[in-house]
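Hi there,

I'm passing a structure on to you, with the sequence alongside. Have a look at it first, and then read on for what turned up.

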Amino acid sequence: MAMQATRDFSHYVKDLGSGLKHIDLAVEGVSCAGCMAKIERGLSALPDVTLARVNLTNRRVALEWKQGTLDPARFIDRLAELGYKAYPFETERAEASEAEQSRFLLRCLAVAAFATMNVMMLSIPVWSGNVSDMLPEQRDFFHWLSALIALPAAAYAGQPFFRSAWSALCTRGVNMDVPISIGVILALGMSLVETVNHAEHAYFDAAIMLLTFLLVGRFLDQNMRRRTRAVAGNLAALKAETATKFLSAEEITVVPVAAIQPGDVVLLRPGERCAVDGTVIDGRSEIDQSLITGETVHVPAEQGTPVYAGSLNMSGSLRVRVSAAAEGTLLAEITRLLDNALQARSRYMRLADRASRLYAPVVHATALVTVLGWVLLGASWHDAIVTGVAVLIITCPCALGLAIPTVQTVASGAMFKAGVLLNAGDAIERLAEADHVVFDKTGTLTLPELEVTNAAEIPADVFSLAGRLALSSHHPVASAVAQAANARSPLIGAVEEPGQGVRAEFDGVEIRLGRPSFCGAAALAAARADVDPEASIVAFSRGEEKYLFAVRQGLRPDAKAIITALKRRGLETEILSGDREVAVRAAAAALGIAEWRAGVTPADKIARIEQLKRQGRKVMMVGDGMNDAPSLAAAHVSMSPISAAHLSQSTADLVFLGKPLAPVLAAIDFARQALHLMRQNLLLAIAYNALAVPLAIAGLVTPLIAAAAMSGSSILVMLNALRARSVRRS
Amino acid sequence: MEVLVILVPLALSLGLAGLVAFLWSLKSGQYEDLDGAAWRAISDDD
């Protein structure tokens with residue numbers, strides 16, 4: 001291509017007013033203080049830049065500059081010179097609202113913690129004064145002060161719980177927040193009445209402390225999801241979803257995919273992945289649609305051929321007209337399947353909700369029975385109600401509210417280190433229950449990159465020469481050869497013949513790399529194809545010497561070991577692939593997976609998963625690619641490698657990074673450990689309450705006992721959660 | 001016990017000052033990049 005493309009990032013630039021512009025960039029590989037200083041210094045050195053600040057937590061750079069001649073593309077180039085790959089970043093609405101929610105929770109937590117400390121400061125003299133010689137007037141004064149602090153603080157800090165409880169009640173449901181809200185409101189109301197009546201006990205301290213502990217749990221939960229969202233957002237930006245758009249017949253510009261409209265014409269060069277759906281209007285090539293269909297055989301593309309986002313262009317340049325979201329396309333079909341599958345998933349009930357559904361009626365019934373019991377025994381209504389409220393306070397699910405988020409936070413931190421990102425908060429519970437793992441083959445068990453499988457058969461000098469020649473080709477198969485040969489310096493004077501191969505002169509002999517027919521090795525290649533029908537063949541000739549390279553997607557390096565380990569943990573494994581039978585059979589045999597199906601469509605995959613579900617299996621689907629998105633959503637729990645098309649990234653419960661398959665195993669181990677600890681924590685919380693409830697029913701609960709029970713059980717549960725950091729290796 | 005008239009408001013206003021300081025630090029974005037802040041403290045260029 002002779003045309004030089006310009007880059008247009010204006011879509012991402014924000015105008016701050018008063019002549020200042022702002023852009024956020026996601027940067028790959030920023031991990032230390034050194035990088036941070038290097039990037040900030042490097043970017044600040046550009047003229048007109050007024051701010052360059054790296055955020056090491058979410059790996060982004062915020063830049064501000066004076067409006068004028070400076071092109072934002074310059075920042076990207078500057079970062080590339082410094083050795084970092086960067087890409088403009090647009091905060092998704094979901095991420096922005098999570099960040100806002102997280103700040104709100106932190107404000108609530110701050111208010112509640114402030115109030116707890118000050119109310120406690122007032123409560124301790126009252127507790128000690130009640131057994132010594134405090135004047136009733138002094139006690140009332142302290143109670144009134146406590147009320148003055150606790151009531152407004154609870155009204156503000158309790159909002160997250162009151163709102164959620166109200167919306168649950170409006171839909172005639174019960175969640176964890178209903179007993180919490182009732183407990184807090186009753187405790188505060190009763191304390192106020194008791195204070196007015198100059199009574200000995202008030203429970204302002206217990207109510208506000210309860211809110212503080214619960215807000216800690218909420219904040220941890222929120223923060224875990226926010227971190228994952230930020231990393232996933234960066235990865236989406238770093239996948240550099242750009243397209244080369246024709247401004248006119250001769251003028252092209254690189255724009256973000258978000259700025260592409262249906263009807264635009266884009267250029268797809270050899271070796272590029274298509275970022276849009278559309279139809280070829282000009283050009284001739286072969287495309288690899290393995291990300292979309294799972295099929296590894298290349299499809300010829302010419303005028304009229306539909307191409308989908310995620311397709312890899314292999315040989316020639318194509319002009320593609322971007323299609324409107326037409327009904328009946330592959331994408332529309334997949335989206336429809338996806339919606340259905342996601343609806344089915346939402347019926348799953350989280351462990352915490354299940355616990356609260358059991359817990360709330362028991363607690364409320366106990367309180368009611370306590371009140372009635374005391375009245376029947378001859379106590380006054382006032383005393384009976386005070387005792388009943390004490391039961392509610394002491395059983396308020398404080399530790400219960402912490403039991404699950406603390407474990408989730410610790411476990412997700414551990415998974416993060418193992419290269420697994422959590423997309424859904426309740427994925428840990430579902431993952432721990434999985435007993436049947438369904439793998440997609442292409443891009444999941446195999447690596448999305450191509451590799452040379454017969455490197456050992458080729459003399460080293462030939463290999464390195466072929467690699468250097470391959471550097472001059474745009475063809476993805478050729479780049480696999482170049483990479484396998486570790487080639488660095490291209491041959492001078494190499495000529496690429498589009499759709500055929502590359503040729504050059506070396507030591508006076510003509511060398512060629514490309515199609516077997518281009519190198520005069522067609523007969524040799526035909527024989528080879530029978531041995532390994534899956535591989536793409538690239539021929540190399542030096543004068544009369546001919547060599548063949550077999551290139552294909554290799555298995556992930558540790559795939560066999562991980563499959564064996566999964567089996568040892570009692571999980572069944574299975575392959576469902578859209579690829580041809582020969583390819584799938586070979587992979588299944590190599591990995592020792594007995595159960596496999598080839599040539600499966602997205603609808604067939606869902607049918608198979610439904611069938612397994614009816615047999616009572618909890619299916620974990622590990623897959624990538626657009627064709628897997630609906631089956632990922634249909635499965636009990638799902639996981640995707642990060643290289644996948646962006647559609648599947650958003651539906652998988654977990655995503656993993658890097659070449660090995662080990663994160664799949666690590667995720668299962670951590671999830672099982674975490675579920676074990678969650679259950680243990682729930683039991684601990686309930687046992688702790690069970691000790692205190694008889695005291696409450698007997699009318700012996702003083703505010704001191706309520707406070708001790710609440711903080712004791714909460715701290716115990718938090719400490720137990722820390723054990724989710726490590727897994728005992730069996 | 002008249003000292004309470006001074007001590008209680010003093011204690012409360014100190015607590016309130018702490019809360020206001022925290023909310024201000026939250027608002028000014030000091031918790032946006034906890035990892036980076038840890039490293040900035042030991043970098044020597046500014």
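A good place to start is an open sheet in chain A, built from six strands with antiparallel pairing. Going across it, the order is β18-β23-β22-β21-β20-β19. At the edges sit β18 (446-452) and β19 (495-497) of chain A, each of which pairs on one side only. From one strand to the next, the twist averages 20°. Do keep in mind that this is a predicted model.

Within the sheet, one pair is worth zooming in on. Strand β20 (residues 501-506) of chain A runs antiparallel to strand β21 (residues 509-514) of chain A, and six bridges join them. If you'd like a spot to find by eye, look for G501(A), which stands opposite G514(A) in β21(A).

Two helices of chain A go with this sheet. Helix α15 (residues 460-470) packs on it and touches β20, β21, β22 (536-542) and β23 (545-555) of chain A. The direction of α15 makes about 70° with that of β21(A). Helix α16 (residues 476-484) of chain A packs on the sheet too, touching β18, β21, β22 and β23. For α16, the angle of about 70° is taken with the direction of β18(A).

Stepping back to the whole chain, the secondary structure of chain A comes to 24 helices and 28 strands. Of the 730 residues in chain A, 48% are buried. Among contacts in chain A with a separation of 6 or more, 68% are between residues 24 or more positions apart.

Enjoy exploring!

Best wishes

Technical notes:
Residues numbered from 1 in each chain as written. Chains lettered and ligands numbered in written order. Predicted model: local features only at pLDDT ≥ 70, side-chain atom pairs only at ≥ 80, totals over all residues. Pairing = 2+ DSSP bridges. Helix = DSSP H or I, 4+ residues; strand = E, 2+ residues; numbered from the N terminus. Axes fitted to C-alpha atoms, helices over the stretch in contact; angles between N-to-C directions. Contact = placed C-beta atoms within 7 Å. Buried ≥ 20, exposed ≤ 12 C-beta atoms within 10 Å, placed from the backbone.
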